[in-house]
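The questions below ask how labels in a structural description are justified. Each answer sets a value against a cut-off.

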Amino acid sequence: MKERNTTSKLKCILVKCASQAKAYGSCVAEKVPQVEQNMCLKEFLALKACMQNVVRGKA
């Protein structure tokens, strides 16, 4: 039962945070191979906030 609940949460996160994940992924992809820590911080923080909101049930 726990595995199903985890899968459901992950599915929810993927659906509700798709635009933030795309923005973050695009930012990182543009910087390859010179990826450095915090270079896409704004996009990362937006994705993190979205994921946290989904997990907490606020999204």
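Disulfides, burial and surface

Cysteine 27 and cysteine 40 are both buried, where buried means under 20% relative accessible area, exposed over 50% and partly exposed in between (1.4 Å probe, protein chains only). This is a predicted model, in which local features need pLDDT of at least 70 and side-chain atom pairs count only at pLDDT 80 or more, while totals for chains, interfaces and linings use all residues. Residues are numbered from 1 along each chain as its sequence is written, and side-chain values use heavy atoms, with hydrogens and water left out.

Q: What makes cysteine 27 and cysteine 40 a disulfide?
A: A disulfide is a pair of cysteine sulfur atoms within 2.5 Å. Cysteine 27 and cysteine 40 have an S to S distance of 2.0 Å, so the pair meets that cut-off. The pair links distant parts of the chain, with cysteine 27 in helix α2 and cysteine 40 in the loop between α2 and α3, 13 residues apart. Helices (H or I, at least four residues) and strands (E, at least two) are DSSP runs, numbered from the N terminus.

Q: Why is the disulfide of cysteine 27 and cysteine 40 called left-handed?
A: The torsion about its S-S bond is about -90°, so the disulfide of cysteine 27 and cysteine 40 is left-handed.

Q: Which cysteine is joined to cysteine 17, and what do the two tie together?
A: Cysteine 50 is the partner, with S to S 2.0 Å. Cysteine 17 lies in the loop between α1 (2–16) and α2, and cysteine 50 in helix α3, so the bond ties together parts 33 residues apart in sequence. The S-S torsion here is about -95°, so this disulfide is left-handed. The structure holds two disulfides, and their pattern is 1-4, 2-3, with bonded cysteines counted along the chain.

Q: Why is cysteine 12 not bonded to the closest cysteine sulfur?
A: The closest cysteine sulfur belongs to cysteine 17 and is 9.1 Å away, too far for a bond. Cysteine 12 has a relative accessible area of 32%, so the label is partly exposed.

Q: What makes Ile13, Cys17, Leu47, Cys50 and Val54 a nonpolar core?
A: A nonpolar core is a set of buried Ala, Val, Leu, Ile, Met, Phe, Trp, Tyr and Cys residues joined through side-chain atoms within 4.5 Å. The five residues form the largest such core. Helix α3 gives the most to this core, with three residues.

Q: Why is valine 32 called exposed, and methionine 39 partly exposed?
A: Valine 32 has a relative accessible area of 51%, so it is exposed. Methionine 39 has 31%, so it is partly exposed.

Q: What makes Val32, Val35 and Met39 a patch?
A: Patches are made of residues with over 30% relative accessible area and no salt bridge (a side-chain nitrogen of Lys or Arg within 4 Å of a carboxyl oxygen of Asp or Glu), with like charges joined within 9 Å and nonpolar side chains (Val, Leu, Ile, Met, Phe, Trp, Tyr) within 5 Å. Val32, Val35 and Met39 form a nonpolar patch, with about 240 Å² of accessible area together. Accessible areas come from the Shrake-Rupley method with a 1.4 Å probe; for residues, only the protein chains shown count as cover.

Q: Which residues does methionine 39 touch, not counting residues up to four places away in sequence?
A: Contact means heavy atoms within 4.5 Å. Methionine 39 touches Cys27, Lys31 and Gln34.
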